Amino acid sequence: LTFPLLSVTLLVSFGSSMLYGYNLAVVNSPAAYIKAFYNATWSQRYGHGLASGPLTLLYSLTVSIFALGGLVGSLLVGVLVERYGRNGTLSRSALLVLLASGFMGFSRELGSPEMVIIGRSITGLHSGICLSVVPLYLGEIAPKNLRGFLGLMPSIFICLGVFFAQVLSLPELLGEDRFWPLFLSVVVVPASLQLLLLHCFPESPRYLLIEKNDVCRATEALHRFLGTPDVQDVIEEMKEEQRSLSSVDMVSVWQLLRDRSVRWQTLSVVVVNAGMQLSGIDAIWFYTNTIFENAGIPVSQIPYTTVGTGAIEVVAGLIGCFTIEKLGRRPLIITGFCAMGICSAGITVSLLLHIPQPRVPSQTALPWMRYVSVACVVGIIAGFCMGPAGVPFLMTAELFTQSHRPAAYIVGGSLNWLCNFTVGFIFPFLQMSAGAFCYLVFCGVCLLVALYVYLIIPETKNKTFMEISHIFA
């Protein structure tokens with residue numbers, strides 16, 4: 001692991017992946033303040049406040065518009081990486097964060113809820129691009145024995161982003177009403193750092209050689225990333241892949257979906273990416289405070305309980321990152337989804353036993369069940385960060401050759417964001433209608449995805465992209 005390889009991994013993870021995690025969790029704590037701002041602005045404009053239903057709808061839109069922006073960003077990935085390369089796309093996308101921070105930071109001063117929603121959609125656009133391009137870039141620059149380690153590094157920074165959002169939301173820091181616009185817009189700091197420094201690192205060698213046929217720059221990039229003068233073996237492996245693709249152009253999404261030779265790879269990307277979002281993790285991150293409040297945790301203790309869960313998810317992410325090259329991809333993702341499914345069922349049971357049910361008058365509430373709810377939330381987050389948070393993106397890079405990879409990321413990313421939007425928008429209403437039983441939906445999804453991975457997807461540890469393609473063939 002050379003210094004340039006580690007440096008660029010940390011830089012793109014800090015400037016892109018961490019912002020995704022931060023923006024997932026940043027709307028959790030200031031929800032009441034943002035709703036109050038919406039209500040006050042509406043009252044000033046129209047002379048009356050918003051009813052509970054429309055206010056919930058408007059806030060749900062604020063939360064979930066982030067995912068719609070992400071969907072648009074994921075659809076642009078193929079065009080952007082072909083035109084600007086991996087490094088160039090990440091550099092340009094950082095400009096979007098600067099724009100979004102301006103919208104959200106000045107929204108209250110200008111009395112405009114629309115600016116909050118627009119800012120959230122632009123941060124989603126940035127995250128949609130980066131969530132696909134970062135693992136694509138790292139998967140192409142990493143040697144095969146480090147591909148799993150570097151591929152899970154962004155997932156650690158996603159967890160760190162969530163954790164930083166939870167820490168900054170404490171009342172002692174930015175968790176007060178007057179600070180929420182600043183709280184939403186501090187993402188400008190890591191994005192600016194990435195914008196300033198990323199041009200110091202070379203483009204992906206695989207992109208330079210296979211797509212641009214620039215052997216000299218690809219060799220220079222490999223010397224820089226691998227820190228060794230002898231890179232001929234890697235060059236030959238890339239040339240072999242280039243020769244195998246010489247009669248194949250970069251495929252479109254439609255061509256990918258119709259290509260029978262990669263049908264199982266495509267289906268696997270669909271299942272793991274959709275399952276990652278439908279597992280319920282977004283409901284946990286978007287509405288942690290509401291879940292803890294329903295579980296009976298005192299309001300004054302909720303911010304600190306939330307920070308504690310954030311610290312545990314960072315530890316879980318580190319465990320996954322440092323064990324993936326020993327255990328492999330399959331054990332981490334199967335164990336993670338199984339743990340999430342069991343804990344989702346645990347939340348349902350704990351809520352039913354904590355709150356007396358009207359249809360069972362003789363039932364006695366069990367106050368200590370609130371702690372079981374917290375433990376189950378921690379279990380869901382830890383299970384997710386240990387495997388499902390990063391392995392699906394890593395798998396998308398590993399299951400396809402260079403010609404199919406951008407289209408595969410568009411498919412996986414689009415499903416990822418569509419499911420993210422669906423959960424973020426529907427969960428408050430699902431919670432109101434189904435109560436504690438809403439978590440059983442997530443339980444079923446997690447266990448079905450774990451079963452699919454166990455039956456269908458092979459282990460890809462320490463294999464070249466061509467070897468993995470031959471396994472599926």
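When I say contact today, I mean heavy atoms within 4.5 Å. Hello everyone, and please keep in mind that this is a predicted model.

With that in hand, let's start at Val-8. Which residues does Val-8 touch, once its neighbours within four places in sequence are set aside? They are Tyr-137, Ile-141, Leu-198, Phe-201 and Phe-225. Val-8 also belongs to the largest nonpolar core, which has 91 residues. Within that core, the members touching the most other members are Val-8, Val-12, Leu-90, Tyr-137, Ile-333 and Ile-347. So two residues we have just met as contact partners, Val-8 and Tyr-137, are both on that list. Helix 5, residues 147-168, supplies the largest share of the core, with 10 residues.

Where does this core lie? Both domain 1 (1-201) and domain 2 (253-472) contribute residues, so the core sits between them. There is also a second, separate core, this one of 29 residues, and it includes Tyr-38, Leu-50, Val-63 and Leu-184. As a general background point, nonpolar side chains tend to be buried together in soluble globular proteins.

Let me step back to the domains for a moment. The protein is divided into domain 1, residues 1-201, and domain 2, residues 253-472. Taken over C-alpha atoms, their centres are separated by 20 Å. How many residues does each domain bring to the contact? Domain 1 brings 54 residues and domain 2 brings 55 residues.

Now for some helix packing. Two packed helices are described by the angle between their axes and the distance between the axes. Take helix 12, residues 263-278, and helix 18, residues 391-398: their axes come within 9 Å and cross at roughly 160°. Angles over 145 degrees count as roughly antiparallel, and helix 12 and helix 18 are therefore roughly antiparallel to each other. Their crossing is left-handed. On the helix 12 side, the contact is made by Val-269, Val-272, Asn-273 and Met-276, and on the helix 18 side by Pro-392, Phe-393 and Thr-396.

My other pair is helix 2, residues 31-46, with helix 4, residues 113-141. The axes of helix 2 and helix 4 come within 9 Å and cross at roughly 135°. That angle makes helix 2 oblique to helix 4. Here Phe-37, Tyr-38, Thr-41 and Arg-45 of helix 2 meet Pro-113, Glu-114, Val-116 and Ile-117 of helix 4. You may remember Tyr-38 as a member of the second core.

I'd like to finish with three single residues. Leu-168 is found in helix 5. Is Leu-168 buried, exposed or partly exposed? Its relative accessibility is 26%, so Leu-168 counts as partly exposed. Leaving out residues up to four places away in sequence, Leu-168 touches Tyr-22, Leu-173, Leu-174, Gly-175, Phe-183 and Val-186. Leu-168 and Phe-149 are 19 residues apart in sequence, and their C-alpha atoms are 29 Å apart in space.

Next is Ser-350, in helix 16, residues 329-354. Ser-350 has 0% relative accessibility and so counts as buried. Beyond residues up to four places away in sequence, Ser-350 touches Met-369, Val-372 and Ser-373.

Last comes Asn-213, in the loop between helix 8 (205-211) and helix 9 (215-226). Asn-213 counts as exposed, at 54% relative accessibility. What is notable about its backbone? Phi of Asn-213 is near 55°, a positive value in a residue other than glycine.

Thanks for listening, and I'm happy to take questions.

Conventions:
Residues numbered from 1 in each chain as written. Predicted model: local features only at pLDDT ≥ 70, side-chain atom pairs only at ≥ 80, totals over all residues. Heavy atoms only, no water. Core = buried A, V, L, I, M, F, W, Y, C linked by side-chain atoms within 4.5 Å. Buried < 20%, exposed > 50% of the residue type's maximum accessible area, 1.4 Å probe, protein only. Helix = DSSP H or I, 4+ residues; strand = E, 2+ residues; numbered from the N terminus. Domains from an automatic or database assignment. Axes fitted to C-alpha atoms, helices over the stretch in contact; angles between N-to-C directions. Parallel < 35°, antiparallel > 145°, perpendicular 65-115°, else oblique. Left-handed = near helix turned anticlockwise from the far one by under 90°.
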